[in-house]
Amino acid sequence: MAWHLAPSLAQLRREINTRWPSRDKTSDGTIGDAAHSARASDHNPNSRGSVNAIDIDEDGIDAWGLVALLITDPRVYYVIYEGRIWQRKYGFKPRPYSGINAHRQHIHVSIIQSVAAEQNTAPWGVARIGASSSVKPSTGGSISKPSTTNTKPNNQSEEDELMALSKET
């Protein structure tokens, strides 16, 4: 199946590259590798051929500022960074993330599995990061760095839970 990055995420990547033109892109990613294709993942193309997840390398950007911006955007379903996950279903309040990859070198962004979220190329507002105090987390959200305490659940992984939720949306 031919695939494409969701246009909304392509817009996000353009804004990030414009804001931080010399940033490191080593950990950037869109389409999933073989490990991703063996399981449900937003890095795999959906039935429309759209890849609805992107990874953004943390080096050379204001990563925490970007997380704060992302969790305020209506297109975003969840964000993972530094062993924490901010999910729409929990009001984007940070929670420990226990998936296979703690996302310590990059920010993972997944958008809602809908044509509207995929096709919405409105500006994300990345240029505002660091320029003023206008970028703030949504009510109840927090972007403080995670504690070193690991509270891994004994049941299904967060990624499995998220994939089940995305099918409900």
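Start by selecting arginine 23 and aspartate 28: their side chains make a polar contact at 2.5 Å (a polar contact is a pair of N or O atoms within 3.5 Å; within protein, one must be able to donate a hydrogen and the other to accept it, and residues adjacent in sequence count only if both atoms are side-chain atoms). Before you go on, know that this is a predicted model, where local features need pLDDT of at least 70 and side-chain atom pairs count only at pLDDT 80 or more, while totals for chains, interfaces and linings use all residues. Residues are numbered from 1 along each chain as its sequence is written, and side-chain values use heavy atoms, with hydrogens and water left out.

**Stop 1: around arginine 23**

Stay on arginine 23 and add asparagine 17, whose side chain also makes a polar contact with the arginine 23 side chain, at 2.8 Å. Arginine 23 sits in the loop between α1 and α2 (34-37); helices (H or I, at least four residues) and strands (E, at least two) are DSSP runs, numbered from the N terminus. Is arginine 23 buried or exposed? Its relative accessibility is 5%, so arginine 23 counts as buried (buried means under 20% relative accessible area, exposed over 50%, partly exposed in between, with a 1.4 Å probe and protein chains only). Now show what surrounds arginine 23: leaving aside neighbours within four places in sequence, the residues in contact include Arg13, Ile16, Ile56, Asp57 and Asp59. Contact here means heavy atoms within 4.5 Å.

**Stop 2: strand β3**

Select residues 53-57, which make up β3; five of its five residues are buried. Look at which way they point: Ala53, Asp55 and Asp57 go one way, and Ile54 and Ile56 go the other. In a regular strand the side chains alternate between the two faces of the sheet.

Next, add β7, residues 106-111. β3 and β7 pair in the antiparallel sense over five bridges (two strands pair if DSSP finds at least two bridges between them). For one pair to label, take isoleucine 54, which stands opposite valine 109 in β7.

**Stop 3: the whole sheet**

Show the five strands together. They form an open sheet in the order β3-β7-β4-β5-β6, with antiparallel pairing. β3 and β6 (94-96) are at the edges with a single partner strand each, so one side of each has no neighbour in the sheet. From one strand to the next, the twist averages 20°; axes are lines fitted to C-alpha atoms, for helices over the stretch in contact, and angles run from 0 to 180 degrees between N-to-C directions.

At the β6 end, select β5 (residues 84-87), which is joined to antiparallel β6 by three bridges. Here isoleucine 85 has arginine 95 as its bridge partner in β6.

**Stop 4: helices on the sheet**

Bring in α1, residues 7-19. This helix lies across β3 and β7 and runs at about 10° to β3. Then add α3, residues 63-70, which packs on the sheet and touches β3, β4 (76-81), β5 and β7. The direction of α3 makes about 160° with that of β4.

**Stop 5: the core**

Which residues touch the most other members of the largest nonpolar core? Leu9, Leu66, Leu70, Ile107 and Val126 do, out of 36 residues in that core. A nonpolar core is a set of buried Ala, Val, Leu, Ile, Met, Phe, Trp, Tyr and Cys residues joined through side-chain atoms within 4.5 Å. At least two core residues come from each of α1, β3, α3, β4, β5 and β7.

Zoom in on leucine 70: outside its neighbours within four places in sequence, leucine 70 is in contact with Leu12, Val76, Val79, Ile107, Val109 and Trp124.

**Stop 6: two loop residues**

Click glutamate 82, in the loop between β4 and β5. Glutamate 82 is not a glycine, but has a positive phi of about 50°. Then try phenylalanine 92, in the loop between β5 and β6, with a positive phi of about 60°. Phenylalanine 92 is buried, with a relative accessible area of 6%.

**Stop 7: colour by pLDDT**

pLDDT is the predictor's confidence in each residue, from 0 to 100. The protein chain averages 80, and 71% of the residues score at least 70. Select residues 132-142, where pLDDT stays under 50, then residues 144-169, where pLDDT also stays under 50. Where pLDDT is low, the predicted coordinates should not be read in detail.
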